[in-house]
Amino acid sequence: MPVSFRPAEELKPDDVCAFLFAGTGSAGVPDLVSPTRWSPAAARAVEDVLDAVQEGLPRTGWPSLRAILLENPGGYRAAARAPGVAQLCGYAASVAVDRALRTGGIQPGHAVGQSFGEIAALVCAGAFAIADGARMAVALVEVLARHGAGGGMGMLEAGEEATRAVIAAADAPEVVVACLNAPEVTVVSGPDKPLEAVLAEAAPRGVRAVRLAVPYLSHHPAMAGADEEWYAAIRGFPQRPLRVRVHSPVRGRAYTDADDLHRALADCVVSPVRLPEALRAVHAAGATVFTEAGPGSALCRCARLSVPDARTLAPLRERPSAGRPAAPPSGAAGASPAEGKSAAGISPAPGREGELHDGH
């Protein structure tokens, strides 16, 4: 990422950006060093966000996010082995990129959060404080680990109907459609053994399928009760008026200030995510550029598969591990090079992609 990168120069004067906030599950390492080089204002924004997120973390048992994301990023992978650290770093990176982009002249007209990413989307829309969003994320990780143990998630490169056919052929009714990420990309969730049966059944049908790096159930009816527990844990955090239109892939509409947004977040634990419908609705509402607020370009690629001729802006690549060359942004299904301009530029609509993100 060149030091001279200025995000606003990638846009037309009349562009309206939709900021996209990804869920967890990507193995990518957030490169927050890059936006600190965009400008002094962007550097201050990133540092302020990391300090605010740290304020929301428990005082003991958590590393310094500033240390592992800015001061010594080579230590990220070791630190991320601790439960919850990768999720909180992902949340911090999303909010930090949002704030850094704004210092460069890019203001979101819309926001879409994918599952766990709804926390960051609502924080960036002004509904919750950054530190409170971190507290919500910590509580969610704890609830999911406790209630969702013994299960996981997988991704199939197939539409929803074809995915349900694979589930039926595997005789695994415990597995459900959890997320539709793109028209031909579906995420399933279920207990370990039935989930593995579904993934194995996909191959002879010519459907590419992978187990995702999500060590618990989510978006699954069996998580009923976990949603109520998380709701009880977060409902006391103050809800503020929305300053950006946030469209939910779970509720299928834009939120309003009349909504109980704590309840809306809790619904994500059990209910499925339908990302293409949300992306199309945001595009119909006037968004002209889908912008990845976070590392990589997973949701930008979902947008290009869901919205014909979608234009995207992915300003932040993942940071490569020490000792290996820079690679394209990695997602739950692997990586593929960015098309068109570099990952920091506006890209036109491509064909099928590899990095489509897991959906939690």
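Q: Start with one side chain. Which residues does L32 touch, not counting those up to four places away in sequence?
A: Contact means heavy atoms within 4.5 Å. L32 touches V46, L50, L69 and L70. Its list also holds A93, A96, V97 and L316.

Q: What should I know about the model before reading on?
A: This is a predicted model, in which local features need pLDDT of at least 70 and side-chain atom pairs pLDDT 80 or more, while totals for chains, interfaces and linings use all residues. Numbering runs from 1 along each chain as its sequence is written, and side-chain values use heavy atoms, with hydrogens and water left out.

Q: Which members of the largest nonpolar core touch the most other members?
A: A nonpolar core is a set of buried Ala, Val, Leu, Ile, Met, Phe, Trp, Tyr and Cys residues joined through side-chain atoms within 4.5 Å. Buried means under 20% relative accessible area, exposed over 50%, and partly exposed in between (1.4 Å probe, protein chains only). The largest core here has 88 residues. L32, V53, L65, L88, Y91, L122 and W230 touch the most other members.

Q: Which helix gives this core its largest share?
A: Helices (H or I, at least four residues) and strands (E, at least two) are DSSP runs, numbered from the N terminus. Helix α5, residues 85-103, gives the largest share, with 11 residues. Another core lies apart from this one. That other core has 14 residues, including L279, V282, A287 and F290.

Q: Stay with helix α5. Is Q87 buried or exposed?
A: Q87 is found in helix α5. Its relative accessibility is 13%, so Q87 counts as buried. Leave aside neighbours within four places in sequence, and Q87 is in contact with T24, F116, V141 and Y216.

Q: How many disulfides are there?
A: A disulfide is a pair of cysteine sulfur atoms within 2.5 Å. By this rule the count is 0.

Q: Why is C17 without a disulfide bond?
A: Its closest cysteine sulfur is in C300, 9.9 Å away, and that is too far for a bond. C17 is buried, at 3% relative accessibility. C179 is in no disulfide either. The nearest cysteine sulfur to C179 belongs to C268, 9.6 Å away. C179 is buried too, with a relative accessibility of 0%.

Q: Now the charges. How many salt bridges does the structure hold?
A: Side chains of opposite charge can pair when their charged atoms come close. A salt bridge is a side-chain nitrogen of Lys or Arg within 4 Å of a carboxyl oxygen of Asp or Glu. The structure holds 18.

Q: Which parts does the salt bridge of D51 and R66 tie together?
A: The D51 and R66 side chains meet at 2.9 Å, N to O. D51 lies in helix α2 (residues 40-55) and R66 in helix α3 (residues 65-71), so the bridge ties together parts that are 15 residues apart in sequence. D51 is partly exposed, at 38% relative accessible area. R66 is partly exposed as well, at 24%.

Q: What is the N to O distance for E201 and R205?
A: Their salt bridge has an N to O distance of 3.2 Å. E201 is partly exposed at 24%. R205 is partly exposed at 45%.

Q: Are D267 and R263 buried or exposed?
A: Both D267 and R263 are buried. They form a salt bridge, with the closest N and O atoms 3.2 Å apart. Both sit in helix α11 (residues 261-267), 4 residues apart, so about one helical turn separates them.

Q: Which residues share a salt-bridge network with this pair?
A: D227, E228, R251, R253 and D259 are linked with R263 and D267.

Q: Where does R263 lie relative to Y231?
A: A charge sits over a ring if NZ of Lys or CZ of Arg is within 6 Å of the ring centre and within 35 degrees of the ring normal. R263 lies over the face of Y231, 4.8 Å from the ring centre.

Q: Last, the backbone. What is the sign of phi at S115 and D309?
A: Most residues other than glycine have a negative phi. S115 has a positive phi of about 55°. Its place is the loop between β2 (108-113) and α6 (117-124). S115 is buried, at 3% relative accessibility. D309 also has a positive phi, near 60°. D309 is in the loop between α13 (298-306) and β11 (311-313). D309 is exposed, with a relative accessible area of 67%.
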